[in-house]
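Please open the model in a viewer that allows residue selection and distance display. The tour below proceeds stop by stop, naming at each one what to select and what is found there.

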Amino acid sequence: MQARKKYVLLGLCACCWLLLFYWGGGVQVRLLKLLGQQRGDVVRPWPDWTDRVLLPGYAQLEELQTGPGSAESPRQRHQAWTGIYKDSRCRMETCFDFTRCRRRGRDGFRVYVYPSEKGERGSESYRKILTSIGESRYYTTDPREACLFVLGIDTLDRDQLSGQFVPNLDDRIKGYPLWNEGRNHLIFNLYSGTWPNYTEDLGFNIGQAILAKASLNTEHFRPGFDVSIPLFSKDHPQKGGERGWLVRNTVPPRRKYLLMFKGKRYLTGIGSDTRNALHHIHNGKDIVSLTTCRHGKDWEKHKDARCDHDNLEYERFDYQELLHNSTFCLVPRGRRLGSFRFLESLQAACIPVLLSNGWELPFSDVIQWNQAVIEGDERLLLQVPSTVHAVGHERVLALRQRTQMLWDAYFSSVDKIVLTTLEIIKDRVFSHVSRNKYMWNALPGGLLVLPEYSTHLAHFPFYYLSLGVSPGQEFTAIIHAVSPLVSQSQPIMKLLQVVSKSKYCSQIIILWNSEKPLPPRSKWPPMPVPLTVTDGRRKTSSRFLPNVAIETEAVLSLDEDTVLLTSEVNFAFLVWMSFPERIVGYPPRSHFWDPVKNAWGYTSKWTNEYSIVLTGAAFYHRYYHYLFSHYLPPSLRALVDRTSNCEDILMNFLVSAVTHLPPIKVAQRKQYKELPSPQGTKMSAPWANPEHFAQRQECVNSFASWFGYMPLVHSQFRLDPLLFKDQVSVLRKKYKDLERA
């Protein structure tokens with residue numbers, strides 16, 4: 001009984017002690033706060049388990065997204081955002097006028113750029129964006145046929161302290177008769193807000209406009225309406241861009257350093273908590289995490305005790321050397337959520353480890369980022385080393401390969417960033433004819449997959465292998481005819497007989513591109529396969545028009561004077577069936593760099609190396625007809641038509657740009673010769689014209705300029721049924737005609 005009373009008494013004492021501590025401590029804090037306010041000092045509240053004093057590697061999420069001294073809560077920030085952007089709940093269904101885009105069917109997606117005002121000076125980056133739109137197939141100079149509008153005023157840098165800041169935007173855009181509260185407008189932005197909080201305030205009301213913005217916060221991102229874009233520098237290339245750094249099938253997949261970061265350390269302001277904690281994981285061996293205080297004009301005013309040591313350690317390592325030799329790259333938030341480190345890591349095949357809570361990743365609508373990056377948590381920095389250590393070799397290689405695919409497809413140039421933005425919006429407008437996630441996240445990338453051609457994966461040659469399907473067993477021959485039909489002994493007549501005898505030939509289409517009118521059907525010999533003669537409209541590029549009469553996946557492109565055997569045609573087709581995404585054919589050519597002229601050269605010399613297979617005798621997939629006519633700009637097709645030359649080179653450029661692979665040459669007989677023009681015709685062979693070769697040199701450089709790089713790839717690979725002579729009887733040879741030749 002006495003013991004029970006003793007325990008009850010002890011329990012009451014403990015309760016009283018806790019109550020006194022709670023209420024007394026609260027009173028003490030309030031008294032200290034009151035005294036501090038009277039003295040003008042700031043009193044720090046009692047630390048908890050996540051406080052930086054106790055565990056420097058951790059921080060509160062709210063602290064990381066709010067500048068020091070700021071009393072804004074997440075709710076207050078949200079209210080401020082909705083106050084500035086009254087249409088923060090916009091979706092395509094509520095804030096976009098679809099009728100402007102659907103008046104002309106699938107061709108209704110046109111983009112109009114407002115003309116720049118007199119004396120208006122924009123940034124280099126914004127000039128590149130407008131240039132990309134102006135050179136795209138969607139650009140229009142007529143606002144009446146536009147689906148989408150882009151301001152001519154530079155909206156990229158909305159930091160009021162920046163020299164690129166354009167004031168009074170609200171008043172200026174309201175004066176535009178087409179503004180309509182921003183409806184169907186697209187606004188590009190890289191930097192928003194200013195010191196100290198760097199909010200997402202653009203300084204003007206975007207209304208119902210679509211926002212293509214870097215460093216977008218998920219809290220403010222309008223899903224299915226806005227587009228998150230990457231932060232890129234003013235030096236980012238307009239076109240092409242450098243290739244990624246990953247060598248195919250790199251073994252081992254891991255590099256010298258496991259994890260690296262080298263960048264600024266912010267001593268004050270937003271983002272400083274994340275950057276200040278990075279030194280905790282640095283060991284100088286497999287993990288290199290370096291920061292420097294030495295940036296800005298007044299960094300020494302804010303200098304702390306660790307700055308000198310950090311600055312010395314920072315100078316010990318070269319950034320490019322670290323990039324080339326690291327498996328994972330930390331991408332912590334900067335002043336804003338995005339960072340230049342993101343694109344640098346993608347290009348370097350250094351797997352990005354993101355420390356930027358709340359960042360809506362670029363093109364998140366369509367890109368599956370979990371296949372290319374590791375998303376960390378700013379509050380759990382100390383867990384990052386063990387996390388990346390646990391990633392297996394196969395996963396590392398898969399992640400690195402995906403960084404290269406995404407870099408090359410969407411981020412290596414301003415052109416690709418802008419076109420990806422437009423294509424995402426177009427897919428929303430025409431949602432019934434749009435790309436699926438697989439098309440966006442598999443080679444060759446969404447920009448080279450035109451859903452107007454088809455939305456079924458099995459209709460594209462570059463998906464056959466991953467789908468486990470094979471192309472069809474037949475081909476369509478398209479013969480390009482430029483000479484008038486005057487004799488039954490002309491080369492085209494012999495060619496018709498050779499091709500029609502192939503057991504794989506399904507149909508023959510003659511593309512009549514002569515100045516003479518189409519001959520009647522009776523002039524053509526009877527064929528064992530359907531024969532169609534169609535008008536080529538006297539355009540050289542018409543041979544690659546997406547002809548609806550083509551019923552097969554495989555196309556055999558032929559010049560009228562091509563000399564082949566049926567066995568050669570059969571062999572080339574069987575080779576193509578193993579490589580349906582490439583050009584497979586006979587006559588090879590090559591390109592080279594001429595350091596004297598500082599330009600690309602073109603050669604027809606027969607060597608062991610080639611990069612072009614002429615389409616005068618070549619197989620390829622019919623999708624490339626559609627891509628040639630709808631992806632390439634009218635200016636390149638006009639060049640081909642004006643010179644009546646180079647269409648075969650342009651098709652090789654296109655296919656190599658899609659596949660990043662060379663064409664495939666198959667063997668041909670040594671006595672293969674280009675025959676002279678038929679007697680009685682005034683036309684001479686094009687290669688007899690002295691300007692022909694010079695034009696092809698110019699074409700190679702014009703095409704490389706448009707692509708922004710040289711897509712052609714050299715190869716020494718050749719497939720030949722008769723590589724070796726042997727003692728087997730000729731009668732047992734599969735291609736005995738080639739053996740005798």
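Begin by selecting K128, which is buried (under 20% relative accessible area with a 1.4 Å probe and protein chains only; over 50% is exposed, and partly exposed lies in between). K128 nevertheless has no salt bridge, a term that requires a side-chain nitrogen of Lys or Arg within 4 Å of a carboxyl oxygen of Asp or Glu. The nearest side chain of opposite charge is that of E124, 4.6 Å away; Lys and Arg are taken as positive, Asp and Glu as negative, and His and the chain ends are not counted. K128 belongs to helix 6 (residues 124-134); helices (H or I, at least four residues) and strands (E, at least two) are DSSP runs numbered from the N terminus. Now display the surroundings of K128: beyond its neighbours within four places in sequence, K128 is in contact (heavy atoms within 4.5 Å) with K234, D235, H236, P237, Q238 and V414.

The model is predicted: local features need pLDDT of at least 70, side-chain atom pairs count only at pLDDT 80 or more, and totals for chains, interfaces and linings use all residues. Residues are numbered from 1 along each chain as its sequence is written, and side-chain values use heavy atoms, with hydrogens and water left out.

Next, select F109, F188, F363, W369, Y410 and F411. These residues have the most contacts inside the largest nonpolar core, which has 77 residues; such a core is a set of buried Ala, Val, Leu, Ile, Met, Phe, Trp, Tyr and Cys residues joined through side-chain atoms within 4.5 Å. Helix 14 (residues 414-429) supplies the largest share of this core, eight residues. Centre on W369: residues up to four places away in sequence aside, it touches F342, L346, L361, P362, S364, L406 and F411. Apart from this core lies another, of 51 residues, and Y623, I649, L650 and W706 are among them.

Switch to a cartoon view for the parallel sheet. Which order do the five strands of this open sheet follow? The order is 9-8-10-11-12, with parallel pairing; two strands pair if DSSP finds at least two bridges between them. Strand 9 (287-292) and strand 12 (374-375) are the edge strands, each pairing on one side only. Strand 8 (residues 257-264) runs parallel to strand 9 and is joined to it by six bridges. Select F261 to find one bridge partner in strand 9, S289. Helix 9 (residues 307-315) lies across strand 8 and strand 9, at about 125° to strand 9; such angles run from 0 to 180 degrees between N-to-C directions, with axes fitted to C-alpha atoms and, for helices, over the stretch in contact. Helix 13 (residues 393-411) also packs on the sheet, where it touches strand 10 (326-332), strand 11 (351-355) and strand 12, and its direction makes about 90° with that of strand 11.

Proceed to helix 17 (residues 491-500). Eight of its ten residues are buried, so the helix is largely enclosed by the rest of the structure. Select P491, I492, M493, L495, L496, V498, V499 and S500 to show the buried ones. They pack against strand 13 (475-481), strand 14 (505-512), strand 15 (531-535), strand 16 (554-559) and helix 18 (566-578).

The next stop is an open sheet of three strands, ordered 19-18-20, with antiparallel pairing. Strand 19 (599-603) and strand 20 (612-613) stand at the edges with a single partner strand each, so one side of each has no neighbour in the sheet. Strand 18 (residues 588-594) is mostly covered, with five of its seven residues buried. Strand 18 pairs with strand 20 over two bridges: P588 stands opposite V613, and R589 has I612 as its bridge partner. With strand 19 there are five bridges, and D594 stands opposite A599. Strands 18 and 19 form a hairpin with four residues between them, and N598 in the turn has a positive phi of about 55°.

Finish with some backbone details. Select N168, in the loop between strand 3 (157-158) and helix 7 (169-174); its phi is near 55°, a positive value in a residue other than glycine. N168 counts as exposed, at 54% relative accessibility. S644, in the loop between helix 20 (634-643) and helix 21 (647-659), likewise has a positive phi, of about 50°. Last, select P444, in the loop between helix 15 (437-441) and helix 16 (464-467); the peptide bond from L443 to P444 is cis, with omega near 5°.
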